[in-house]
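Q: I am new to this structure and would like a close look at a single part of it. Please take me slowly through the lining of the largest cavity, and then through what can be said about its surroundings.

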Amino acid sequence: MRFWWVNHKQTFRQEFGGKYMWCPKRNKRGNQNHFWETMREVRPGDLVLSYAGAAVQGFGFAKTHCYSCPRPDEFGKVGEAWISTGWRVDVDFQRFSSPFRTIGNMENLAGLLPRKYSPIKNDGQGNQNYLSEVSEAFVRRLAELAEPMLLAMLNNNVLLDNQDSIEVEIAPIVEWEELEQKKIEAVSEIPETQRKALVYARRGQGLFKENVSRFEHACRITHVDNPTHLIASHIKPWRESSNEERLHGGNGFLLTPSVDHLFDRGFITFADDGELVISPIADELSLSRMGVPVNEPTGVGRFNSDQKHFLEYHRQEIFLQSAS
C-alpha cells in the first residue's frame, strides 16, 4: 500500500465531488510532468489525501488502477492548455470533520515531508504539484492532528482491508466507447457495411480480426492458435483510434481474453525488439496464473513496422509505468 497527496487546485469541487483524480498526460507542447506520471503508479487500496484551498480537505481510497480518459466535461474551460486525454483514478473521497490548514501547523509535520517532490513546503505553503507520494508516518502524524476517523482506521488496520478493493467495470471507459460508437452510427456518409465493421472491431471481431489474422496466427503470450479462443486486440485502443486505425491490421494482435485484458489496461506491453514488459504495479501472481511468464526474460517474436508504430503509442499512453 502506498500513500499519496493530491493538490486539486481549480478542480477540487469536480474531482472530490465526483470521486476521482484526473490530470493531463502532457501539456499542449507535448511535455510530460513527473506529478502527472505518478498517476500510473496508483493501485486500488492506496490512500489519497485531498488538498485544496490551503487545507487538507479529506481522504479516500483508490478504487481503480490508473486509466486513460478524456478531460471531464465538468472542468469547463479549466485545463484548456492541456491535451484532451489524460490519466484518471477513481477514489472514494470523504471529507475530514474540519479542513486542516497546513500553514501554521507544520512544526510536527515538516520533518516527515519527502526530501524530493514534496507536496508542500516546510512553511505549509502548497507546491505546484499534482500527485505526490508521502510516507505512512506523515499520514499518521497528520491524522493525529486533524482527523480522528482516519487515525482510528490506521490504528485498527482498516487500511489493509482496502488493499483488496475490487475494480469493477470502469464506467468512464464504457461511456467513452459508447459515445464513439454513436458517432460512427450517426455518420450517414459511412457505408453501412463499414459502420458494422467499425462497431464489430470494438469487440475485436469482424473485418478487423480478419485483417489482423493475415499475419498474426496465435497469442503472442500463451501461443493458443485456435481463432475461436482469440480476440483481435487493438494496440492503440479502439476508443482512442481513428476509424482507419480501428480496422488497420497493423494495429492489432491476436490474444486470449485474459491477455487482451492485461494489454488493454496497460499491465503488459512489448518493446520493439519483442521483449515482454510487465508493469511494476501488476499483480505478478495473477499474471502467472493467466499464463504470463513473470520470472524470466521473454521474447514474443518480431513486429512489423506498423505494429511498432502503434506499440510506441501503447507504451506512452496506456502502459502503467511512470516515464519519470
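A: By class, the lining of the largest cavity has four nonpolar, one polar and three charged residues, where Ala, Val, Leu, Ile, Met, Phe, Trp, Tyr, Cys and Pro count as nonpolar, Asp, Glu, Lys and Arg as charged, and the others, Gly among them, as polar. This is a predicted model, in which local features need pLDDT of at least 70 and side-chain atom pairs count only at pLDDT 80 or more, while totals for chains, interfaces and linings use all residues. Residues are numbered from 1 along each chain as its sequence is written, and side-chain values use heavy atoms, with hydrogens and water left out.

The residues that line this cavity are C66, Y67, S68, I173, R239, D264, R265 and I318. A cavity here is a set of points, on a 1 Å grid over the protein atoms alone, where a 1.4 Å probe fits but cannot get out, whereas a pocket is an open set with protein on both sides within 12 Å along at least five of seven lines; lining residues have an atom within 4 Å of a point. The largest cavity holds about 60 Å³ of space, a volume being the space filled by probe spheres set on grid points that are joined across faces, edges and corners. The structure holds one cavity of 30 Å³ or more.

One of the lining residues, C66, deserves a longer look. At 0% relative accessibility C66 counts as buried, a word that means under 20% relative accessible area, with exposed meaning over 50% and partly exposed in between (1.4 Å probe, protein chains only). C23 is buried as well, with a relative accessible area of 1%. Why do C23 and C66 not form a bond? The sulfur of C66 is the closest cysteine sulfur to that of C23, but because the two are 7.0 Å apart they are too far from each other for a bond. A disulfide is taken as a pair of cysteine sulfur atoms within 2.5 Å, and a search of the whole structure finds zero of them.

From the cavity one can turn to the second largest pocket, which encloses about 400 Å³ of space. It is lined by 16 residues, of which C69, P70, R71, P72 and D73 lie nearest its centre. Two elements, β5 (67-70) and α6 (171-186), give two or more residues to this lining, and α6 provides the largest share, six residues. Helices (H or I, at least four residues) and strands (E, at least two) are DSSP runs, numbered from the N terminus. By class, the pocket lining has seven nonpolar, two polar and seven charged residues.

Elsewhere, the largest nonpolar core has 54 residues, of which M21, M39, Y130 and F270 touch the most other members; such a core is a set of buried Ala, Val, Leu, Ile, Met, Phe, Trp, Tyr and Cys residues joined through side-chain atoms within 4.5 Å. Strand β6 (residues 85-101) gives the largest share of this core, four residues. Leaving aside neighbours within four places in sequence, F270 is in contact (heavy atoms within 4.5 Å) with a list of residues including I221, F253, F263, L276 and V300. Apart from this core lies another, of 24 residues, among them F96, L142, A146 and M153.
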